[in-house]
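Hi,

Here is the structure I promised to pass on. Have a look at it first, then read my notes below.

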Amino acid sequence: MSRLERDEAEIEASRAPLMDHLIELRGRLVICVVAFVLGFILCFAFSEPLYIFLVKPFAAAAAFHTAVGPGGHVSPVDLILGTAGLKPLPVVDGQMVNLIYTAPLEILFTKMKLAGFGAIVVAFPVLAWQLYKFVAPGLYRNEKGAFLPFLVAAPLLFLLGAALVYFVMLPFVMWFSLSQQITAGGVSAELLPKVSDYLNLVTALLLAFGLCFQLPVVMTLLGLAGIISSKVMAEGRRYAIVGVVVVAAIVTPPDPISQLMLAIPLVLLYEISIWCVRLIELRRRAADAAEAAA
């Protein structure tokens, strides 16, 4: 019996009536909902420290901006190290990060939105595992083995994108915003972001970078499915770079620094994707040759 025939026999043995699939789906959805609700409660209980944690990059940018004064410059390395806590922030008397809210329940709704976003992150391992367990019976054995690494790679790449946002992107975005303040000629235009607007900026950047960093996962899955080849990806490199620049311009704030911070990693991830698909093709050819020789 060939490998394909064994896989088909295994899938046939795992077949179940439609009602059994619906009952299983209901059970797994209940588990996902319970995991999300528990994550929401946990994150809501710690919503204030979580929000303060998200404001840290803003605080670092504000400390350096106040220390150097209007029109001053700060080293990018110092800004990144200060945000990461690896370099002491400048001590300025009376320096505070001021955010405002203009609606009575804005703080509550902001905490709920933060708790919802955090619940998805906290519950993701449970959600991903339930999804895998539901679709696994319909996968071939080699597909099951190939699918599991992506359950690990996807959250790790998302966290990598989120770390780039937190330690690099946000401090520079807030530094750029603070540098646009006007305090001259009897006019004062100060940056006083709303708590909800700041959270919207943070979550938008986290989602944009986290999802864009899934490029190797998506391209590798397409390569596994035989939809795309490394040769096509290599030949279309110039078009991919143009697409990356366009995506970076759309999903980031309108400044060249932010766009470059997303575009450069995406180009590198595209190159990594080409090598991942190439390795898959080499392994597939080796497996086919071994099966033909058997």
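**What I found**

Let's start with one residue, keeping in mind that this is a predicted model. Is isoleucine 41 buried or exposed? Its relative accessible area is 51%, and the cut-off for exposed is over 50%, so isoleucine 41 counts as exposed. You'll find isoleucine 41 in helix 2, which covers residues 18–45.

Ile41 also has company: together with Val30, Val33, Val34, Val37 and Leu38, it makes up a nonpolar patch on the surface. The accessible area of that patch adds up to about 520 Å².

Now for the cysteines. Cysteine 32 has 15% relative accessibility, and buried means under 20%, so cysteine 32 is called buried. Cysteine 212 is buried too, at a relative accessible area of 16%. How many disulfides turn up in a search of the whole structure? The answer is zero.

Stepping back to the whole protein, you can count 11 helices and two strands. If you follow the chain along the sequence, the order is α-α-α-α-α-α-β-β-α-α-α-α-α.

Of the 294 residues in the protein, 33% are buried. About 17200 Å² of the protein is exposed, and 71% of that comes from carbon and sulfur atoms.

One last thing, about contacts: take those in the protein with a separation of 6 or more, and 84% of them are between residues 24 or more positions apart.

Cheers

Terms used
Residues are numbered from 1 along each chain as its sequence is written. This is a predicted model: local features need pLDDT of at least 70, side-chain atom pairs count only at pLDDT 80 or more; totals for chains, interfaces and linings use all residues. Side-chain values use heavy atoms; hydrogens and water are left out. A disulfide is a pair of cysteine sulfur atoms within 2.5 Å. Buried means under 20% relative accessible area, exposed over 50%, partly exposed in between (1.4 Å probe, protein chains only). Patches are made of residues with over 30% relative accessible area and no salt bridge: like charges are joined within 9 Å, nonpolar side chains (Val, Leu, Ile, Met, Phe, Trp, Tyr) within 5 Å. Accessible areas come from the Shrake-Rupley method with a 1.4 Å probe; for residues, only the protein chains shown count as cover. A salt bridge is a side-chain nitrogen of Lys or Arg within 4 Å of a carboxyl oxygen of Asp or Glu. Helices (H or I, at least four residues) and strands (E, at least two) are DSSP runs, numbered from the N terminus. Contact means heavy atoms within 4.5 Å.
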